[in-house]
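Please open the model in your viewer and keep the sequence panel beside it, since the tour moves from one selection to the next.

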Amino acid sequence: MVELKDVSFCYGSDERQEYGENSLSDVNLTIQDGEFVLLTGPSGCGKTTILRLINGLIPHFYPGLVKGEILVDGKAVDSQELYETALQVGTVFQNPRSQFYNVDTTGELAFGCENRGLPEKDIYRRIDDTVSRFGIEKLMDRSIFQLSDGEKQKIACASVDVAGAQIILLDEPSANLDYDATLALRDLILQWRRDGKTIIAAEHRIAYLWDLIDRAVIMRNGKIVWELGKEEKDTLTQDALTEMGLRSAIQEAPSDIGLPLFVEGDKLLRLKDFRFMYHGAKTPVVDILDLTISAGEITAITGANGAGKTSLLSCICGLEKRCKGMLEFEGRSYNRRDRQKLCFMVMQDTGNQLFTESVLEEVLISLPKNTENEKEHAIEILRKLDLEAFLDRHPQSLSGGQKQRLAIACALASGRKVLLLDEPTSGLDYTHMMETADLLKHLQSMGTTILVVTHDSELIHACCTRQYNIA
Amino acid sequence: MAYSAEKAQEKRRGFLDPRTKLALVLVLALFVMGGLGGDQLKGIKTILSVLPFLLLLIERQWKRFARGVAMLIVGYGLLLAMPYLPGILNYLALMCGGILTRFVVTIVMGEYLIATTSVSEFISAMERLHMPQAITIPMSVMFRLFPTIGSEWRSIRRAMAMRGIRLGGARAGQVLEYQLVPMMTSTVRIGEELSASALTRGLGAPTGRTNICRIGFRVADVLLLAGCAFAIVVWILELCGVTLW
């Protein structure tokens with residue numbers, strides 16, 4: 001049983017608040033053994049903070065001021081050591097790239113048990129058991145670096161399972177996953193349901209587990225605002241969810257949406273001979289002989305796992321030297337080098353494409369050479385994207401959504417006519433997803449051609465006008 | 001057939017024990033990279049220099065082998081071409097050639113250590129050397145972080161190319177700084193998330209750790225360790241003024 005009694009928390013009481021998260025205030029929550037509870041609400045509502053209080057990372061790793069009691073099976077988490085809590089609670093984190101301590105998958109599964117000094121024979125038996133229950137034989141004895149994000153998340157779940165804790169915390173585990181990988185994650189959670197584990201999940205994307213949960217706890221600004229039981233939550237309409245700032249509860253495959261590729265009267269953009277193969281691969285990941293896309297529209301690029309959506313963007317953008325394709329646009333042919341000046345790509349990890357020390361400088365280096373009134377022009381662009389208040393901020397200190405807007409500001413400044421985005425709304429809540437959708441519509445009205453690789457059906461409904469589904 | 005972790009671990013056991021690999025890195029760093037020792041050690045040094053390449057072949061690390069050999073060829077090529085080059089180029093060739101021929105062998109050995117040792121094997125080996133956790137844990141994180149830094153680096157380079165920031169471009173002087181800013185933030189973030197995840201899985205517990213990997217000295221280890229010891233003995237005797245041959 002997990003109990004939070006009158007819990008309040010603020011991060012970094014002695015330092016300044018660097019994490020950008022709200023504190024919790026007067027949270028009371030009791031979770032029974034075997035219950036599956038969903039914590040949801042807009043970004044910064046405190047759902048991740050609750051998980052960190054339960055697994056002890058607060059206050060042992062993330063310092064701050066804790067008031068009230070947090071009990072796991074009757075023991076106070078903040079006064080026991082982290083390795084003691086590790087026996088009771090296992091956590092799957094959001095980022096598949098940064099939660100592995102080992103380089104090989106089998107070592108990763110054994111890690112938790114090795115730390116507590118279980119005999120080797122026991123560990124082998126536990127690993128074999130988890131591997132067969134989860135059906136992950138194919139992922140064993142591989143390098144973590146060769147796995148897709150979906151496969152990494154499976155390994156993260158499996159390593160929690162091998163450790164055998166009764167309480168399992170999921171901290172936005174689907175944020176980086178596409179539609180199929182999310183369904184696979186759902187299957188693993190079902191397995192835990194059958195095993196009678198207590199599961200507490202913090203999520204924005206609620207659709208894939210909405211029908212599995214016993215209770216939904218909806219938070220805002222560090223407070224619990226609604227608690228809905230199994231029957232209550234099923235009576236909620238889509239509008240009521242939207243009202244609460246929640247994502248859709250209906251699971252819809254992006255490839256089923258079926259927008260047209262182009263309609264009569266569209267201006268066109270043609271891709272010819274786009275082929276690209278990874279070193280050592282036997283089949284090309286991108287294989288397009290002739291494809292017509294609508295110019296001046298927002299086209300969603302959808303398709304199954306490994307269909308080469310992101311690789312296609314890199315090829316269009318001219319980042320893959322071995323892709324020799326030509327792009328025809330407004331009566332001109334663009335080879336790879338020309339395309340680098342035509343296209344701008346907003347990458348999934350936006351932080352890796354911001355280089356300077358201030359928001360203003362970031363836009364300034366994107367402007368074409370010899371622009372007149374550089375500074376005024378840059379500020380004008382930042383004003384359009386609601387970033388004017390952050391001129392002197394360090395780009396790396398912005399929130400995820402703000403970094404994305406800054407990258408788009410750089411795209412605008414560079415004057416490139418084709419904007420490519422890779423999963424722009426993964427891990428965003430409803431409000432931020434709608435903000436991105438509105439921004440894309442605004443850019444479209446200025447004449448930009450936009451291609452979005454996405455698994456987010458809601459984003460497609462909100463702003464996309466065309467769709468290219470890679471079969 | 002059902003998966004068996006025990007059989008799989010037995011099968012993936014490396015050719016050498018991690019402790020032997022560490023000893024080799026150390027000895028190579030001393031004698032080949034550091035250039036310690038006089039004429040007597042010349043023969044030993046040649047044998048030592050060939051070892052990492054041999055080991056890479058034994059473990060079927062074809063790519064790393066090819067890369068190491070290529071770097072050596074470039075190094076010696078530069079030294080050979082050096083006398084025929086004019087002025088500044090002559091100096092540059094000498095410098096690059098010297099650095100390459102001296103450092104490559106040890107770097108290849110280090111690469112071999114990292115490529116063929118799992119984190120579990122490494123921790124296990126360090127524990128058998130009675131290293132305290134305060135040294136073992138940060139070093140084992142490095143194992144994990146090197147490849148991660150590599151992939152972050154590539155992703156940043158691509159992002160720069162996309163934004164049109166290149167060497168030789170208008171703002172060439174700042175290119176390095178531009179690379180380091182996101183690099184450092186992402187490394188710090190990944191390091192932090194990595195630690196958080198490891199702590200929730202009981203890393204640092206005072207109970208004795210177990211390791212599922214198979215390590216231990218076998219014939220090859222004994223031979224190589226004896227070789228390392230021999231090199232060090234010859235060197236110490238030489239320092240004391242004793243010449244063996």
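In which loop of chain B does B:Arg214 lie? Select this residue, bearing in mind that the model is predicted, and you will find B:Arg214 in the loop between α8 (175-199) and α9 (219-239) of chain B. B:Arg214 counts as partly exposed because 16 C-beta neighbours lie inside 10 Å, and a residue is called buried only from 20 upward and exposed at 12 or fewer.

Next, add B:Gln9, B:Glu10 and B:Arg13 to the selection, which are the residues in contact with B:Arg214 once its neighbours within four places in sequence are left aside. For a distance to display, pick B:Arg60 as well: from C-alpha to C-alpha, it is 20 Å from B:Arg214 in space, with the two positions 154 residues apart in sequence.

Now colour chain B by domain, taking 16-34 together with 41-117 as domain 1 and 121-203 as domain 2. The centres of these two domains of chain B, taken over C-alpha atoms, are separated by 24 Å. Five residues from domain 1 and six residues from domain 2 of chain B make up the contact between them, and the domain 1 side comprises two nonpolar, one polar and two charged residues.

Finally, show both chains and turn to the contact between chain A and chain B, which takes 56 residues from chain A and 49 residues from chain B. On chain A, select α3 (82-88), α4 (105-115) and α5 (120-134), the elements that each give two or more residues to the side touching chain B. Coloured by class, that side of chain A divides into 27 nonpolar, 19 polar and 10 charged residues.

Key:
Residues numbered from 1 in each chain as written. Chains lettered and ligands numbered in written order. Predicted model: local features only at pLDDT ≥ 70, side-chain atom pairs only at ≥ 80, totals over all residues. Contact = placed C-beta atoms within 7 Å. Helix = DSSP H or I, 4+ residues; strand = E, 2+ residues; numbered from the N terminus. Nonpolar A, V, L, I, M, F, W, Y, C, P; charged D, E, K, R; others polar. Domains from an automatic or database assignment.
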